[in-house]
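Let's look at a protein model together, one question at a time. Please take a moment with the sequence and the picture first.

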Amino acid sequence: MCGIVGYSGPQNPKDVIMGGLKSLEYRGYDSAGVAILHKGEFKRVRAEGKLSILQEKLINEPFDGHLGIGHTRWATHGAPVERNAHPHTVKGVSIVHNGIIENYLELREELARDAKARGQVIRFESETDTELVAHLIAYQLEITKGLLESVLKILPRLNGAFSILVVSKDHPDEMIAFKNGPPLIIGQAKGAVVVASDVQAILPHTNKVVYIDDFEIAHVKGESFRIYNSKGEPIVKPVVEIDWSADRVEKEGYPHFMLKEIFEQPRAVARALAPHIDVAKQTVSLSGTGITDAQWARVERVLIVACGTSNYAGMVGKYLIEIMARVPVETDIASEFRYRQPVMGADTLAIVISQSGETADTLAVLRQLKTLGVPSLSVCNVKNSTIDREADGHLYMNSGTEIGVASTKAFTSTIALMNVLALQIAKAKGRLSPEDEARYVNALLAAPAQMETVLACDKFFAAAADVLKNYKGFLYMGRGVSYPLALEGALKLKELAYMHAEGYAAGEMKHGPLALIDKRMAVVMLAPSDNLYEKTLSNLEEAKARGGVIIALGTVGNERLRGISQSYLTLPRAEWNVNPLLEAVPLQLLAYHVASALGHDVDQPRNLAKSVTVE
Ligand code: F6R
């Protein structure tokens, strides 16, 4: 949520900051702004809407200074209008902020009281919590005169989750960065310093970075920086050398990143699997993840926690692990788990899934599990993200950067990893015969090529979208491993097409949702030929009998299913554990094309952001 960038160095800060914000736009895109030194003042330019609008505004704006900050916003407090856009400036102090100051009302009243006692009136220009922090720092600056000292004074007063950059016209070669919660990374480039919410914005300038931890403060002066703890004592932090270059964030001929990412999935799944599969021996192994063989064998219970799409990938994991390894698995969404006083022990392995590695609720759960002594394994796409750094063991999706706000390739890569995890636990428990292992491994190795063939559905949905967009709603149904896919299909349609969609376990339909079905309701039935196929077919007949318009996904050659459905899309024949990978593709394409037909911005759906760093 919200992307922030700061730059101090010889290049034109406008170019560096705008370049950085472009790579952070996935974090929020309802307004944006910069404050850059010009003629001894921080000139502020802000715009409502996408970054491109700010870009336009900046074309003819000169800046002669070499220090500046920028922000792309996902609104929490105050409507997404220009007056609430960051930076917020008070008496020459400009700040950008990602997060929420929970006690801002209390601090605001206190500040107003203090000011009144001094015969002053404090005026607020915005409805944001951020502006308050600018006031607090400006007030402290009048007393302490030092930017670092002022931040040290106010930091203990702030409650909530925040990462903040501060500049001041009275300190034109200094910038302060501090945080509690959302990520903040600082890079030392040649003669320059870049600070940002995501390493992507830093990598074009340097791959040597320092991860600022909670309640630490980075003090940038000219071309270098020092880090201090919350007492103001200088500390030495490890410099991390990022071993990957700035990912290409180009559409490469696709109209949207999302479509490109859907088409990248066969490769992404292959990349997720590659480190863990011995193709010649037809075996899996999760060595080198930080969880020892003895720990794998000791696992008596698995907990999988995540949010949104990552949670649905985790639900697929539940079916896989329970069926293959016969170990009980509990799944939960992080925002619920963290407040339900869970009962856990050291025989549980907790798997936390997060594409971004920064989701606030998931991170909070990871920290909670640590205090309970539960070993944890993170499944992340972003290496060195907070969740990746804090978990005991680590697995990587290896999907490459996902720009589309709606997750696609990270989802299927995670399902591939859930398969590997299930096989690993089954093996460690002595519950997997070499024959079964080879069968599952071969099925997984074949999956990327099979996904490739399912991509042909693109044409069908591109053509059908104009009709599909007129339905009053969509019901997605599946059983077993296809049930989480039904939930994921519905989520994709909701977030992209803004249409009513629900995912249901097919067997649950007659307990209520069947009442929704009529000829204006599209029913997307996931019915691969697995052990539940016959049961799913009965549910399909029930939906059809009520007039529902049936779009079925089934295994190739299944003429019975074709006969029942209005539209029948075939999946290649696969082992049951691979079906979710194949089903994901048409569900994503359906949502993508319907949303496009409705004229929505599929890469940046309204009200959403890719990295949810607030509760
Ligand atoms: C939906 C989507 C979200 C994320 C969720 C968790 O398409 O992308 O539901 O899956 O916000 O994000 P991560 O995986 O980064 O923790």
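Below, a biologist asks and a modeller replies.

Modeller: A welcome note: this is a predicted model, where local features need pLDDT of at least 70, side-chain atom pairs count only at pLDDT 80 or more, and totals for chains, interfaces and linings use all residues. Residues are numbered from 1 along each chain as its sequence is written, and side-chain values use heavy atoms, with hydrogens and water left out.

Biologist: Into which domains is the protein divided?

Modeller: The bounds come from an automatic or database domain assignment. Going along the chain, the domains are domain 1 (3-242), domain 2 (245-451) and domain 3 (456-615).

Biologist: Why can we call the protein as compact as a globular protein of that length?

Modeller: The radius of gyration is taken over C-alpha atoms, and the globule rule is 2.2 Å times the number of residues to the power 0.38. For 615 residues that rule gives 25 Å, and the protein is close to this, so it is as compact as a globular protein of that length, with a radius of gyration of 26 Å.

Biologist: How much area do domain 2 and domain 3 bury between them?

Modeller: Buried area is the accessible area (1.4 Å probe) that two parts lose on being put together, summed over both. Contact means heavy atoms within 4.5 Å, and 46 residues of domain 2 are in contact with 40 residues of domain 3. Carbon and sulfur atoms carry 67% of the buried area, and the total is about 3,600 Å².

Biologist: Which residues of domain 2 lose the most area to domain 3?

Modeller: Three residues together make up 18% of what the domain 2 side buries. They are Tyr312, Val405 and Gln450.

Biologist: Which residue meets Arg439 in a salt bridge?

Modeller: A salt bridge is a side-chain nitrogen of Lys or Arg within 4 Å of a carboxyl oxygen of Asp or Glu. Between domain 2 and domain 3 the count is two salt bridges. For Arg439, the N to O distance is 3.0 Å, and the partner is Glu575.

Biologist: Where in the chain do Glu82 and Lys57 sit, given that they form a salt bridge?

Modeller: Their closest N and O atoms are 3.2 Å apart. Helices (H or I, at least four residues) and strands (E, at least two) are DSSP runs, numbered from the N terminus. The two residues are 25 residues apart: Glu82 is in the loop between β4 (67-73) and β5 (88-90), and Lys57 is in helix α2 (residues 51-58).
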